[in-house]
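Please look over the model shown below, which the questions and answers that follow take up.

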Amino acid sequence: MGGADRVWNSRQVDRATRLARAHAALGSALEGKAVPAARCVDLLHQVLESGDRVCIEGNNQKQADFLAEALAKLDPARINNLHMLQSVLALPEHLDIFEKGIASRLDFSFSGPQAGRLAQLVSAGRLNIGAIHTYLELFGRYFIDLTPRVALVVAEAADRNGNLYTGPNTEDTPVIVEATAFSSGIVIAQVNRIVDDLPRVDIPADWVDFVIASPTPYYIEPLFTRDPAQISEVQVLMAMMAIKGIYAEYQVETLNHGIGFDTAAIELLLPTYAASLGLKGKIARYWALNPHPALIPAIEAGFVESVHCFGSELGMEEYIRARPDVFFVGPDGSMRSNRALCQAAGLYACDMFIGSTLQIDLQGNSSTATLGRISGFGGAPNMGSDARGRRHVSPAWRKAGQQAHTGQAMPRGRKLVVQMVETFREHMQPAFVEKLDAWELADQAGMEIPPVMIYGDDVTHVLTEEGIANLLLCRSDEEREQAIRGVAGYTPVGMARDRRMVENLRDRGIVQRAEDLGIDKRQATRDMLAARSMKDLVRASGGLYDPPRRFRNW
């Protein structure tokens with residue numbers, strides 16, 4: 001078929017057909033772009049077709065929960081075999097549609113609370129996984145080969161024209177809407193309310209086709225809140241080793257922290273232990289990070305200069321509003337988050353990622369995908385990988401590169417990627433294993449390769465309560481394996497270490513114990529934390545932080 005004979009606007013024609021069906025079905029119930037909540041299922045039946053690629057906003061925190069419920073109410077005889085695209089599987093409805101036959105294929109990043117059920121559906125042949133992505137990878141594919149036909153998103157409010165205000169929890173909305181709207185797709189937004197005037201316009205109306213005021217506010221999870229009362233003295237010790245052995249050693253100024261009590265302990269030691277080492281103004285100044293409440297004391301102490309966020313955190317709204325020099329906020333005073341841009345910042349503009357995992361093998365490969373659970377990775381593979389396209393130089397990046405590439409003719413830098421774990425996890429499961437569960441999981445789920453979160457060749461340091469293994473300084477696979485065994489403690493992996501070789505690695509500074517760093521373990525107490533309770537965080541914020549109810553014990 002020649003170019004003159006080909007139909008070049010088939011997607012636009014298809015979009016117009018679907019919109020015409022929706023307008024005919026809804027009739028007078030449709031007020032401009034506003035659809036009554038009671039007619040949501042009717043709308044979806046008209047704009048969707050079997051086999052469509054559908055992106056539903058399921059983020060780390062905010063959820064298009066009303067639209068997810070409506071999707072699960074569709075008639076599978078009319079709409080089936082949908083190909084679902086979403087960052088996070090968080091709600092039961094996200095998997096109900098597979099059990100009912102409404103959807104059959106899934107591309108995602110993280111499954112969190114649905115990890116066990118997801119594994120069951122995959123084993124039963126009810127759900128086919130295209131791939132487990134990192135966030136940037138999935139977002140990128142929205143613009144290449146996984147472009148949504150219909151997008152179901154969520155926002156704080158809409159005006160009568162269909163402009164959207166996302167507020168502090170913008171998260172994935174811009175990337176989803178742009179990929180869909182500019183490829184002749186259809187965008188439906190769930191909002192908490194429809195108003196005459198918005199505080200600001202985050203998504204313009206001509207990118208949005210329908211808005212629905214949901215009966216209840218959208219669900220949002222306080223994912224990054226950690227109660228300081230739950231931080232153990234072992235975690236305090238590990239945080240001290242991190243600050244002195246890595247942050248200070250490499251002069252890390254730009255960084256990202258993973259979620260957990262380990263990193264919360266570091267945040268709460270910045271104004272105390274790090275300050276006592278004279279590190280204020282020298283480390284941890286610029287962050288790609290959600291607004292962790294545990295960061296409040298460090299912000300108040302002047303350690304933290306700026307924070308760009310993937311999403312927001314419940315209860316931090318007024319604190320953020322009062323600290324516009326630190327956070328990215330609009331003229332209305334509310335923060336603007338953006339998961340895609342913050343992931344890009346974490347990949348290319350940060351010197352270090354420090355986070356945790358469930359399993360680490362002898363090569364340093366780590367994964368959160370274990371037997372019976374397909375949890376995915378979220379943004380960790382972006383944060384925890386060496387961005388080989390980076391070209392700007394910083395002291396931390398340069399020093400890590402010098403250690404890793406000694407003797408090479410062409411100098412280059414290296415990102416610091418730290419895996420921080422206690423040697424035993426909950427229920428006394430060892431964090432260190434000879435072989436990742438990911439291998440067996442790949443066989444069970446029919447995956448072509450094991451689902452590894454962070455590959456060993458990207459990991460620069462492994463930190464446990466036993467010490468730090470600096471893998472940058474290892475010059476052979478055997479040294480690397482013994483360095484990891486050297487900090488694996490009393491796990492079977494640790495007990496199988498070559499004691500003489502580990503001591504040799506210690507003499508060379510590849511394995512460092514607390515005493516090698518000049519840290520007195522007796523000082524590793526909770527008294528060193530800048531806040532030891534949620535109430536302390538509220539006090540540190542000057543009363544601006546308003547913790548979610550579940551974190552209040554007063």
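**Helix α1 and the open sheet**

Q: What separation of its end C-alpha atoms should the 17 residues of helix α1 (residues 10–26) give, and what is found?
A: Helices (H or I, at least four residues) and strands (E, at least two) are DSSP runs, numbered from the N terminus. The expected span is 1.5 Å times one less than the number of residues. For α1 this gives 24 Å, and the end C-alpha atoms agree, being apart by 24 Å.

Q: Which residues of α1 are buried, and within what arc do they fall?
A: Taking buried as under 20% relative accessible area (1.4 Å probe, protein chains only), the buried residues of α1 are R18, L19, A22 and L26. They line one face of the helix, because their directions, taken from the helix axis to the C-beta atoms, fall within an arc of 100°.

This is a predicted model, in which local features need pLDDT of at least 70 and side-chain atom pairs count only at pLDDT 80 or more, while totals for chains, interfaces and linings use all residues. Residues are numbered from 1 along each chain as its sequence is written, and side-chain values use heavy atoms, with hydrogens and water left out.

Q: Which strands are the edge strands of the open sheet?
A: Strands pair if DSSP finds at least two bridges between them. The eight strands run in the order β13-β12-β11-β14-β17-β18-β19-β20, with mixed pairing. Pairing on one side only marks the edge strands, β13 (306–308) and β20 (511–512).

Conventions:
Buried means under 20% relative accessible area, exposed over 50%, partly exposed in between (1.4 Å probe, protein chains only).
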